[in-house]
Amino acid sequence: MSKFTSDISGKEFSPDDLVQAKTLRNSIFEFIKESNPKFTRHSKLSIEELNFYRQKYISEKLIQEVGELNELKQQVIDSISKSQLISNETLEEKSIPDSFGSRVADKVASFGGSWTFILSFLFLLVLWIGANFFLFHNKGFDPYPFILLNLILSCLAALQAPIIMMSQNRQEEKDRERAKNDYMVNLKSELEIRILHEKIDHLIMHQQQELLEIQKVQTDLMNTILTEIRTNKTKSSS
């Protein structure tokens, strides 16, 4: 029987090893054509050459899958790092006023709302009343009904109220900034989850297609091997 010449390597092979290019799957045909531009549907090749390209195709697809995993991971990292939704500035670096008066207001509000202030103020009142009423027999610097003490208390209340309100307004502004940051953190987390879902969906769909194609190629390879084994058994038995 006359041998045939492979259109890929130019070597001669037995007619039993003949494979027509028109019988190949499109994926394998296109893969072979990438390295052999003159390869057409009317070309011929051997079983040995076909198995070589099949194994090479499977290897490259598996390597490509690993590369795509790393690429998708990098895309997720880049997309998250480029979406600067959260400011790097802290609350102290924002436009919240932090003057000397604001700090004093915070201190006054913090001290005015503590048990230290309440107990100290009660002790001062008891000392003031006791000194004027019992020690000086109501003839001291502020006799009953303690007009000077009432004046001091009125002035203290008049000054303390706006200072505490000033501190509360500043605290509310800080709370608004914190709420804004919390909102931005939640928004960024939502975007990250959406990006991850999209990448995972894309990866699953792409992997399924690639795995199906690889399984088909492996099935063809196994069928070819089984056919060769049966042929060799037939030849050996005859």
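Author: Welcome! A residue counts as exposed when its relative accessible area is over 50%, as buried when that area is under 20%, and as partly exposed in between. The model we will look at together is a predicted one.

Reader: Thanks! Which residues are exposed on the other side of α3?

Author: Start with the buried residues of this helix, which are Ser102, Ala105 and Gly112. They sit on the same side of α3, because they cover an arc of only 100° around the axis. On the other side of the helix, the exposed residues are Phe100, Lys107 and Ser110.

Reader: How far does α3 reach from its first C-alpha to its last?

Author: Helix α3 runs over residues 100-112, which makes 13 residues. At 1.5 Å a residue, a span of 18 Å is expected. The helix comes close to that expectation, since its reach is 18 Å.

Reader: Is valine 108 buried, partly exposed or exposed?

Author: Valine 108 is also found in helix α3. Its relative accessibility is 28%, and the cut-offs are under 20% for buried and over 50% for exposed. Because 28% falls between them, valine 108 counts as partly exposed.

Reader: What separation do the C-alpha atoms of valine 108 and serine 167 have?

Author: Along the chain, valine 108 and serine 167 are 59 residues apart. In space, the separation of their C-alpha atoms is 8.5 Å.

Reader: Let's go inside. Which helix supplies the largest share of the largest nonpolar core?

Author: The largest nonpolar core has 17 residues, and Leu24, Ile32, Phe39, Leu45 and Leu50 have the most contacts inside it. Three helices each supply at least two residues of this core: α1 (26-35), α2 (47-82) and α5 (147-237). The largest share, 5 residues, comes from α2.

Reader: Which residues with the most contacts inside that core does leucine 45 touch?

Author: Leaving aside residues up to four places away in sequence, leucine 45 has a list of contacts that includes Phe4, Ser6, Ile8, Asp17, Leu18 and Val19. Leucine 45 is itself one of the residues with the most contacts inside the core. The others of that group are also touched by leucine 45: Leu24, Ile32, Phe39 and Leu50.

Reader: What does asparagine 51 touch?

Author: Asparagine 51 lies in helix α2. With a relative accessible area of 13%, asparagine 51 is buried. Not counting residues up to four places away in sequence, its contacts are Leu221, Thr224 and Glu228.

Reader: Which two residues meet in a salt bridge?

Author: A search of the whole structure finds 1 salt bridge. Its N to O distance is 3.2 Å, and its partners are 3 residues apart in helix α5, so about one helical turn separates them. Both are partly exposed, at 39% for the aspartate and 37% for the arginine. The pair is aspartate 175 and arginine 178.

Reader: Now the rings. Is the pair of phenylalanine 4 and phenylalanine 13 stacked, tilted or edge-to-face?

Author: The count of aromatic pairs comes to 6. In this one, the ring centres are 6.1 Å apart and the planes meet at 35°. Both residues are buried, with phenylalanine 4 at 9% and phenylalanine 13 at 14%. Planes under 30 degrees apart would count as stacked and over 60 as edge-to-face, so the pair is tilted.

Reader: And how are the rings of phenylalanine 52 and tyrosine 53 arranged?

Author: Phe52 and Tyr53 form one aromatic cluster with Phe31. Phenylalanine 52 is partly exposed at 48%, whereas tyrosine 53 is buried at 9%. Their ring centres lie 5.4 Å apart and their planes are at 75°, so the pair is edge-to-face.

Reader: Which residues does a cis peptide bond join?

Author: Most peptide bonds are trans. Here, though, a cis bond with an omega of about 15° is found. Its proline lies in the loop between α4 (115-135) and α5. The residues joined are tyrosine 144 and proline 145.

Reader: One last thing: what phi does phenylalanine 146 have?

Author: Phenylalanine 146 lies in the loop between α4 and α5, and is buried with a relative accessible area of 10%. Most residues other than glycine have a negative phi. Phenylalanine 146 is not a glycine, yet its phi is positive, at about 55°.

Technical notes
Residues numbered from 1 in each chain as written. Predicted model: local features only at pLDDT ≥ 70, side-chain atom pairs only at ≥ 80, totals over all residues. Heavy atoms only, no water. Core = buried A, V, L, I, M, F, W, Y, C linked by side-chain atoms within 4.5 Å. Buried < 20%, exposed > 50% of the residue type's maximum accessible area, 1.4 Å probe, protein only. Helix = DSSP H or I, 4+ residues; strand = E, 2+ residues; numbered from the N terminus. Contact = heavy atoms within 4.5 Å. Salt bridge = Lys/Arg side-chain N within 4 Å of Asp/Glu carboxyl O. Expected span 1.5 Å × (residues − 1). Arc of directions from axis to C-beta. Phe/Tyr/Trp six-rings, centres within 6.5 Å; stacked < 30°, edge-to-face > 60°.
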